[in-house]
Amino acid sequence: MTTGSDNEQELSAQPSNAVQDPITPSQLVTALQREHPDWITEVREALGEVTAIVPREQIQAVCAYLKTAPESRFDFLADLCGVDRGVEEEPRFEVNYHLFSTTKYHRLRLKVLLNEESPRVSTVTDIWRTANWHERETFDLLGVVFEGHPDLRRILLPDDWQGHALRKDFPLRGYEPYSLK
Amino acid sequence: MIADFQLPIADWHWNGTGWEFPKKVPYRPIGNRQLEIGNNKMSASTVNIPPQFEVVDRPLDTQMTISMGPQHPSTHGVLRLELVLDGETVVKAKPDIGYLHTGMEKLFEYKKYQQGIVITDRMDYLNPLGNNLAYVMAVEKLLSLEIPERAQTIRVLTCELQRIASHLVWLGTHALDIGAMSVFFYCFREREKILNLIEAASGGRLTPSYFRIGGLMMDLPPGFERRTKQFLDGFLQSVDEFHTLLTGNRIFQKRTQGVGIISAEDAIDWGLSGPSLRGSGVALDIRRANPYTGYENYDFEVPTEQDCDVWARYLVRMREMKESHRIVTQALARLKPGPVKADAPKVVLPDREAMKRHMDALIHHFLIVAEGFDVPAGEFYMPIEASKGELGVYVKSDGGPKPARVHFRGPSFVNLSALPAMSEGAMIADIVAIIGSLDIVLGEIDR
């Protein structure tokens, strides 16, 4: 894929050829990895999905690039969710960004791995505003801190809740009835 | 007697010769505040209230904060909005959610895969079959199961019926919020027919749990097709009836046109999906973009409207009901006899009759119920087009009979997060119309 205008000319000249040759997310990610080796540490493909593991320092740069680059156009952040891989796992937390393109209809998952000592990652709210509530939810339930988030408060649990309920070491029924506190 | 009172320092100003307290005394105590002096209660208007007792709404004297909900009927559940008002204009809207939070995502991690299906019913309780479908398909993908043709067709059929039912609740409550009472009764009359159909198939009206991992709970009952046809025959006429009730209504038009505007770029940026996004002119439908359960074989349109307001979202949903009607008709024509469960004895519960005859069926049944089945390690994100937008289920397995993590990307949750962007600058009465047009369900938002 070349620049946008060339691409359009190609489309008008040979529509059948352009349709047959859409760039897949896996090609896209491997090309990106070749271009910026420090942006993506690993590319996994499973069950028809592509997962790119991104170092936490680079997540903003990668997201901003993928949102605007003409061949990716991931303009829609479908979902953002955190995962606790287990108390003894290292790195313990992961944050998944499920990207979607409203023009090309392809999907991609970015994954950031975070240590238990400092579960901190830059926010992507300035790239997709929809990340706001997703990040608040992840902070609320897993304790992942999104640096630079405009309004990082608890969203589902009460403000004075202790701990983070979706962590694996948080008991299912809580520590004591909340109403008795 | 100014010296007797401690006045707020900020209110003093320099008038050129000396410090002076403003002549315009702050007014408007909150409500009908009564001063208690001794045992005599006197009305605020008769007593000269010392200024420090008067409540001034900063910063403009005219702004006030009110809390709308969580018991407000037009918030469709337990949503609370913190509204900063200037007169009747909304300066700032802040949704406050979590009143219905029950930790469902945590609960998934303690239940076997097949037990999770009943939890999904309780999220978006107006579209439970859609939730079942998304969850079940995510797990099936991890298990690499092939679903028989008939099961897929029945899934499409019942899901589209459920979409109509969900839209009918939206239509009834949305009109009710705006002040049109009778639409509600017409909508619920039609919805009742769909719920009866779903009850006939699954045994449940609100919580069907009809889809199971590997297929369906059981085949459709005899007579289901006839009853569905009966419903379909009358439904288009009912939609026209709704149109006669609302679409030409001048009050309804005035309440919805030009209200709650969100442009296509903003809508995508805020992650709006489903009819709320299509009302902004973006023809995005997951059934088309990433087809699942054989939706690529059905002929239907993706209705869009360009106006970006409440009215546009209303029209999109009205047209969607007719499209769903088309899909159900096609699915009915496509129904052919065949199995409704995948050929995976370790995952799918055997038939009752087989258990009486075959030892291995009995063993499999016992093992599935008692220990569950192992799902290969991996993760999958399954997006579907639910009645409210993109419903995504992220399932992560570490190889055991219980999921390591299940996350629901509820369309209501994301659509509600865009509410401040739509409602700031609107009138307070419009907030009701905007919430109605987003079609939120708090069970899914709070999970």
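## Exercises on helix packing, sheets and a chain contact

The crossing of helix 4 and helix 5 of chain B is left-handed, meaning that the near helix is turned anticlockwise from the far one by less than a right angle. The structure is a predicted model, in which local features need pLDDT of at least 70, side-chain atom pairs count only at pLDDT 80 or more, and totals for chains, interfaces and linings use all residues. Residues are numbered from 1 along each chain as its sequence is written, while chains are lettered from A and ligands numbered from 1 in the order in which they are written.

**Exercise 1.** Determine the relative direction of helix 4 and helix 5 of chain B, and characterise their contact.

*Solution.*
1. Helix 4 spans residues 149-178 and helix 5 residues 182-202 of chain B; helices are DSSP runs of H or I with at least four residues, strands are runs of E with at least two, and both are numbered from the N terminus.
2. Their axes lie 9 Å apart at an angle of about 155 degrees (axes are lines fitted to C-alpha atoms, for helices over the stretch in contact; angles run from 0 to 180 degrees between N-to-C directions).
3. The two helices of chain B are therefore roughly antiparallel, the class for angles over 145 degrees.
4. Among the contacting residues are Leu161(B) and Leu168(B) of helix 4 and Phe188(B) and Ile194(B) of helix 5; contact requires C-beta atoms, placed from the backbone, within 7 Å.
5. The contact residues divide into 17 nonpolar, three polar and two charged (nonpolar: Ala, Val, Leu, Ile, Met, Phe, Trp, Tyr, Cys and Pro; charged: Asp, Glu, Lys and Arg; polar: the others, Gly among them).

**Exercise 2.** Establish the strand order and the edge strands of the five-stranded sheet in chain A.

*Solution.*
1. The order is 1-2-5-4-3 in an open sheet with mixed pairing; two strands pair if DSSP finds at least two bridges between them.
2. Strand 1 (42-46) and strand 3 (76-84) of chain A each pair on one side only, as edge strands.
3. Strand 1 runs antiparallel to strand 2 (residues 49-53) of chain A, joined by five bridges; Val43(A) has Ala52(A) as its bridge partner.
4. Helix 3 (residues 25-35) of chain A lies across strands 1, 2 and 5 of chain A, at about 170 degrees to strand 1.

**Exercise 3.** Identify which element supplies the largest share of the side of chain A that touches chain B.

*Solution.*
1. The contact takes 26 residues from chain A and 31 residues from chain B.
2. Strand 3, strand 4 (93-100) and helix 5 (131-142) of chain A each supply at least two residues of chain A's side.
3. The largest share, six residues, comes from strand 3 of chain A.

Note on methods. Parallel < 35°, antiparallel > 145°, perpendicular 65-115°, else oblique. Contact = placed C-beta atoms within 7 Å.
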